[in-house]
Amino acid sequence: SRTLAKDIDEMALAGLTDPTTAKKCLEKLMDTRFRVTITDGRKIIGDLWCIDNAQNFVLLEVKEMVVREDGTSSTRSLGPLVMVPGRHVTKVEAVKKHIKVAQEQLKVA
């Protein structure tokens, strides 16, 4: 999990105040690794498959990571396809290099 934590950065779409542009950036991040933190503190990690109108996240090849108060963590497989209800999502993170590629592709388009 330590390597994963290094590679994942909070998804910063700062400067993308236009919802259409932000949506296009998010579309470019489909099928890339995401970490979704939910209200009870668990982190759900998987490849982004889709987000619906209710902001539910559907992830593929999903693992759950629990970080304990003493700093240790454990992971377990949740299965090939998991839906995370949008009402429980508190934070969404993506791999830094994928965010940079998506932002660069938007500049070119």
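## Salt bridge between aspartate 47 and arginine 33

In this predicted model, aspartate 47 and arginine 33 form a salt bridge whose closest N and O atoms are 3.1 Å apart. The pair links distant parts of the chain, with aspartate 47 in strand E3 and arginine 33 in strand E2 (residues 33–38), 14 residues apart. Aspartate 47 is partly exposed at 22% relative accessibility, and arginine 33 is likewise partly exposed at 24%.

## Network around glutamate 64

The count of salt bridges comes to six. A network of these bridges links Asp40, Arg42, Glu64 and Arg76. Within the network, arginine 42 pairs with aspartate 40, the closest N and O atoms being 2.7 Å apart. Arginine 76 forms a salt bridge with glutamate 64, also with a closest N and O distance of 2.7 Å. Arginine 76 lies in strand E5 (residues 73–84) and glutamate 64 in strand E4, so this bridge ties together parts that are 12 residues apart in sequence.

Glutamate 64 counts as buried because its relative accessibility is 6%, under the 20% cut-off. Its partner arginine 76 is partly exposed at 48%. The side chain of glutamate 64 also makes a polar contact of 2.6 Å with the side chain of arginine 42, a residue that is partly exposed at 29%. Beyond its neighbours within four places in sequence, glutamate 64 is in contact with several residues, including Lys43, Ile44 and Leu78.

## Isoleucine 45 in strand E3

Isoleucine 45 belongs to strand E3 (residues 43–51) and is buried, with a relative accessible area of 4%. Isoleucine 45 and lysine 63 are 18 residues apart in sequence, while their C-alpha atoms are 5.2 Å apart in space.

How values were computed. Residues are numbered from 1 along each chain as its sequence is written. This is a predicted model: local features need pLDDT of at least 70, side-chain atom pairs count only at pLDDT 80 or more; totals for chains, interfaces and linings use all residues. Side-chain values use heavy atoms; hydrogens and water are left out. A polar contact is a pair of N or O atoms within 3.5 Å; within protein, one must be able to donate a hydrogen and the other to accept it, and residues adjacent in sequence count only if both atoms are side-chain atoms. Contact means heavy atoms within 4.5 Å. Helices (H or I, at least four residues) and strands (E, at least two) are DSSP runs, numbered from the N terminus. Buried means under 20% relative accessible area, exposed over 50%, partly exposed in between (1.4 Å probe, protein chains only). A salt bridge is a side-chain nitrogen of Lys or Arg within 4 Å of a carboxyl oxygen of Asp or Glu.
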